[in-house]
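Colleague: I should like to learn how to read the main features of a protein model. May we go through one together, feature by feature?

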Amino acid sequence: MMSRAQRGPVANWWWTVDKFLLTAALLLLTGGFLLSLSASPSVTARLDIEDTFYFVKRHAIFLLPAIGVLIATSFLSVRQVRRASLVLLIGSIVVLALLPFIGYTAKGATRWLAIGGFQVQPSEFLKPGFVIISAWLFSQSTQRADIPVNLLAICLFAICATLLVIQPDIGQTVLIALVWSALFF
């Protein structure tokens, strides 16, 4: 166990991290892994995939970097999180705008980007950046009366919703609309 007298980055992280939230996130990741473990055999049988645990292995491959990203981002300060979210949001908006031209179309929707043998859904990267930047904009409305930050938040929502509807991805659009509305009210 670490002493409160220690002042290294890991010790500071341990004493400042929200342990309940970290535990809840790790339990959700574990639960998702267990659900993929129970669902994989029936899905692989239906899809005629010989490896019974194909989806479990894929889940495990992505689970380890996800835990690494979770821990790494918990080391960031609030300012660093805001900056990283802004970069993530701008990058996601650019990729979503290019998606109709360079994206992978499946079942009438162009939601995926093929990168090195993987298909990536840019809207998944849009969500965390959108939520953090929208929350920051709304918090600035009480501190910065000289800047129309609520109007900026409305424009940001309109841009993101439009790009999602173009794909079409109505589920993600409804999700960001609900989150944005909750933040607004």
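Modeller: We shall take the overall architecture, the sheet, the core, the largest pocket and one loop residue in turn.

Modeller: Please keep in mind throughout that this is a predicted model.

Colleague: How many helices and strands are there in the protein, and which pattern do they follow along the sequence?

Modeller: The protein has seven helices and three strands. Along the sequence they are arranged as α-α-α-α-β-β-β-α-α-α. The C-alpha atoms fill a box of roughly 60 × 50 × 30 Å along the principal axes. Of the 185 residues, 24% count as buried. Among contacts between residues at least 6 apart in sequence, 54% join residues at least 24 apart.

Colleague: What is the order of the strands in the sheet, and is the pairing parallel or antiparallel?

Modeller: In general, strands of a sheet pair through backbone hydrogen bonds, in a parallel or an antiparallel manner. Here the three strands make an open sheet in the order β1-β2-β3, with antiparallel pairing. Its edge strands are β1 (104-106) and β3 (118-120), each of which pairs on one side only. On average, neighbouring strands of this sheet are turned by 45° against each other, direction ignored.

Colleague: Which residues are bridge partners, and what is found in the turns?

Modeller: β1 and β2 are joined by three bridges, and Thr105 has Thr110 in β2 as its bridge partner. These two strands form a hairpin with two residues between them, and Lys107 in the turn has a positive phi of about 55°. Strand β2 (residues 109-115) also pairs with β3 over three bridges. There, Ala114 has Gln119 as its bridge partner, and Ile115 stands opposite Phe118. The hairpin of β2 and β3 likewise has two residues between its strands, with Gly116 in the turn at a positive phi of about 55°.

Colleague: Which helix lies across the strands β1 and β2?

Modeller: Helix α4 (residues 78-102) does so, running at about 95° to β2.

Colleague: Which residues have the most contacts inside the largest nonpolar core?

Modeller: That core has 20 residues, and those with the most contacts inside it are Leu89, Ile93, Leu126, Phe130, Leu156 and Cys160. Two or more residues each come from α4, α5 (122-143), α6 (149-166) and α7 (170-184). Helix α6 gives the most, with eight residues. Phe130 may serve as an example: leaving aside its neighbours within four places in sequence, Phe130 is in contact with Leu89, Leu156, Phe157, Cys160, Ile176 and Trp180.

Colleague: How is empty space to be located, and what lines the largest pocket?

Modeller: Rolling a probe the size of a water molecule over the atoms reveals where empty space is left. In this model the largest pocket holds about 1100 Å³ of space. Its lining has 27 residues, of which Ala66, Val69, Glu124, Phe125 and Pro128 lie nearest the centre. At least two lining residues each are supplied by α2 (19-46), α3 (54-74), α4, β3 and α5. The largest share, eight residues, comes from α3.

Colleague: Why is Phe53 classed as partly exposed?

Modeller: The class covers relative accessible areas between the buried limit of 20% and the exposed limit of 50%. Phe53 is partly exposed because its relative accessible area is 38%. This residue is found in the loop between α2 and α3. Leaving aside neighbours within four places in sequence, Phe53 is in contact with Leu37, Ser40 and Pro41. The C-alpha atoms of Phe53 and Val43, 10 residues apart along the chain, are separated by 9.5 Å.

Key: Residues numbered from 1 in each chain as written. Predicted model: local features only at pLDDT ≥ 70, side-chain atom pairs only at ≥ 80, totals over all residues. Heavy atoms only, no water. Pairing = 2+ DSSP bridges. Helix = DSSP H or I, 4+ residues; strand = E, 2+ residues; numbered from the N terminus. Axes fitted to C-alpha atoms, helices over the stretch in contact; angles between N-to-C directions. Contact = heavy atoms within 4.5 Å. Core = buried A, V, L, I, M, F, W, Y, C linked by side-chain atoms within 4.5 Å. Buried < 20%, exposed > 50% of the residue type's maximum accessible area, 1.4 Å probe, protein only. 1 Å grid on protein atoms, 1.4 Å probe; cavity = no way out; pocket = protein on both sides within 12 Å on 5 of 7 lines; lining within 4 Å. Points joined across faces, edges and corners; volume = space filled by probe spheres on them.
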